[in-house]
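Here are some short exercises to work through with the structure open beside you. Try each task before reading its solution.

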Amino acid sequence: MRINNKTFKEWTEDDINSILNDEAFRESQFLDYKRTFEFLEGDKSQKSKGKDEFRNDVCSFANADGGDLLFGISEKNGLAFDIIPINIEDTDRFELNLRNILLPIMPSMPPVDFNFISVFGGYIVVVHIEKGIFKPYMTIENQTVFRFFIRHGNRKEAMSYSEISNNFLHAASLASEMKKFRLERVSELLEDNAGLFGVIHVIPATFQNPADFISMCDWGKSGGIPLPYGLNNHIMGSMLPNVNGIWFPSDDGLRDFELLTIFDNGSVELKQDLYTNTHMENKYLVSDEFISAIDDIVKGTAELYKSWGRHSTVYICISIIGCKGYWNYDTCFSRHPQPSRVDRDRILCAPIEIRDILDAENVSEMIEECKKRTRYALGIKR
């Protein structure tokens, strides 16, 4: 939703005042007004009920087409009526508390972002919910009652059996669509690279949603470049636009052993040639440099998303092409070598989920998990 042609991150008190009693901003499938946070008031039972209600509201939007919850605005007959400022001492801590309240949502917290609009006497809190990728989202009350809600018009309603079933099918298709995207990219890279190479993808859960696309070329020209250090470390030439976004081929064509691409759908891709060494007449794959690049690409992507102010679930996807028959280089130097041989020509490791790309602790944890699984996929026992 836009107010005065502004996205929710840009709204000000003047923008909020402009929608009061405006029929164009009546409560709808995409908009709901809340006077206050119920779970901040009352006794323990009332607070617990309020938290359940908040989770159910968020799920109802995520299970539909997304939308905005505006806290600190009273409504009258569905129209925004008056501003009721919410007193907040620390907005960062307040946002963290809200995110913690949403964590019990299953299978994971939907894509949610926040904006705190300063008004006289406090804040209006905007909770922006994206259309969920892993829907249906479900809440559990009292550890026994399972709830599925969806937004229909200006109401939150229990999901029907067919809606739940269809949404489960949609969630199952994400893995398939992500694999399709990866295979298409690998096929395109193979047209120019017949040898041995690896690909690191960082793919947002919303990569199929055109509403979340960014014109990377326009972003780069507007001063969004220089890129974060982690990504810049793998740039071998000048930025050029292409049909997918932007890429950085080497100016002389001699350094395309590394090729960084940033897609309009928010994905980041690094193609890196791999090399081998010969030892005792066996060819050994040198993979440490490629595995180390996972740190740069994922952390660089996190910095990119931070500059956009975007919380997003993302997936680290590792692909290694042309590797069948090579031995593992690092085993030559272990005290008790246990060499293993790569058993397939194409390795597409299972995606590693980062629930929030702006959660530094989760990012670091999942990077290490990704590196471990990549080594395992190559037969490296460490």
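The cis peptide bond sits by P107, in the loop between α3 (91-102) and β5 (112-119). Keep in mind that this is a predicted model.

**Exercise 1. Find which residues the cis peptide bond joins, and give its omega.**

Step 1: Go to the loop that follows α3 and leads to β5, where P107 lies.
Step 2: Look at the bond between M106 and P107; this peptide bond is cis, with omega at about 5°.

**Exercise 2. Find where N21 and N77 lie, and say whether N77 is buried or exposed.**

Step 1: N21 belongs to the loop that links α1 (13-19) to β1 (31-34). N21 is not a glycine, yet its phi is positive, about 60°.
Step 2: N77 sits in the loop from β3 (73-76) to β4 (79-83). N77 is not a glycine either, and its phi is positive at about 55°.
Step 3: Now check accessibility. Exposed means over 50% relative accessible area, and N77 has 66%, so N77 counts as exposed.

**Exercise 3. Work out how α2 and α3 are oriented to each other, and which residues meet.**

Step 1: Take the axes of α2 (residues 44-62) and α3: they come within 9 Å and cross at roughly 80°.
Step 2: Angles of 65 to 115 degrees count as roughly perpendicular, so α2 and α3 are roughly perpendicular to each other.
Step 3: From α2, the residues K51, F54, R55 and V58 meet L98, I101 and L102 of α3.
Step 4: Sort that contact by class: 5 residues are nonpolar, 2 are charged and none is polar.

**Exercise 4. Describe helix α8: its span, its buried residues and what covers them.**

Step 1: α8 runs over residues 360-378, which makes 19 residues. From first to last C-alpha α8 reaches 27 Å, close to the 27 Å expected at 1.5 Å a residue.
Step 2: Pick out the buried positions of α8: N362, V363, M366, I367, C370, K371, T374, R375 and L378.
Step 3: To read that list, recall that an α-helix has 3.6 residues a turn, so residues three or four places apart point the same way.
Step 4: Look for the cover over these buried residues, which includes α7 (288-308) along with the strands β17 (282-286), β18 (314-321), β19 (327-328), β20 (346-348) and β21 (352-354).
Step 5: Just past the helix, G379 follows α8 and has a positive phi, near 90°.

**Exercise 5. Work out how α7 and α8 pack, and which residues make the contact.**

Step 1: The axes of α7 and α8 are 10 Å apart, at an angle of about 150°.
Step 2: Over 145 degrees counts as roughly antiparallel, so α7 and α8 are roughly antiparallel to each other. Their crossing is right-handed.
Step 3: α7 brings I291, I294, D295, V298 and K299, while α8 brings V363, S364, I367, E368, C370, K371, T374 and R375.
Step 4: By class, this contact has 6 nonpolar, 5 charged and 2 polar residues.

**Exercise 6. Say whether L196 is buried or exposed, and list its contacts beyond its sequence neighbours.**

Step 1: L196 is in the loop between α4 (161-192) and β11 (197-204).
Step 2: Buried means under 20% relative accessible area; L196 has 9%, so L196 counts as buried.
Step 3: Set aside neighbours within four places in sequence, and L196 contacts D273, L274, T276, L285, I321, G322, C323 and Y326.
Step 4: Compare sequence with space: L196 and Y275 are 79 residues apart in sequence, yet 7.1 Å apart from C-alpha to C-alpha.

Methods: Residues are numbered from 1 along each chain as its sequence is written. This is a predicted model: local features need pLDDT of at least 70, side-chain atom pairs count only at pLDDT 80 or more; totals for chains, interfaces and linings use all residues. Side-chain values use heavy atoms; hydrogens and water are left out. Helices (H or I, at least four residues) and strands (E, at least two) are DSSP runs, numbered from the N terminus. Buried means under 20% relative accessible area, exposed over 50%, partly exposed in between (1.4 Å probe, protein chains only). The expected span of a helix is 1.5 Å times one less than its number of residues. Contact means heavy atoms within 4.5 Å. Axes are lines fitted to C-alpha atoms, for helices over the stretch in contact, and angles run from 0 to 180 degrees between N-to-C directions. Angles under 35 degrees count as roughly parallel, over 145 as roughly antiparallel, 65 to 115 as roughly perpendicular and the rest as oblique. A crossing is left-handed if the near helix is turned anticlockwise from the far one by less than a right angle, and right-handed if clockwise. Ala, Val, Leu, Ile, Met, Phe, Trp, Tyr, Cys and Pro count as nonpolar, Asp, Glu, Lys and Arg as charged, and the others, Gly among them, as polar.
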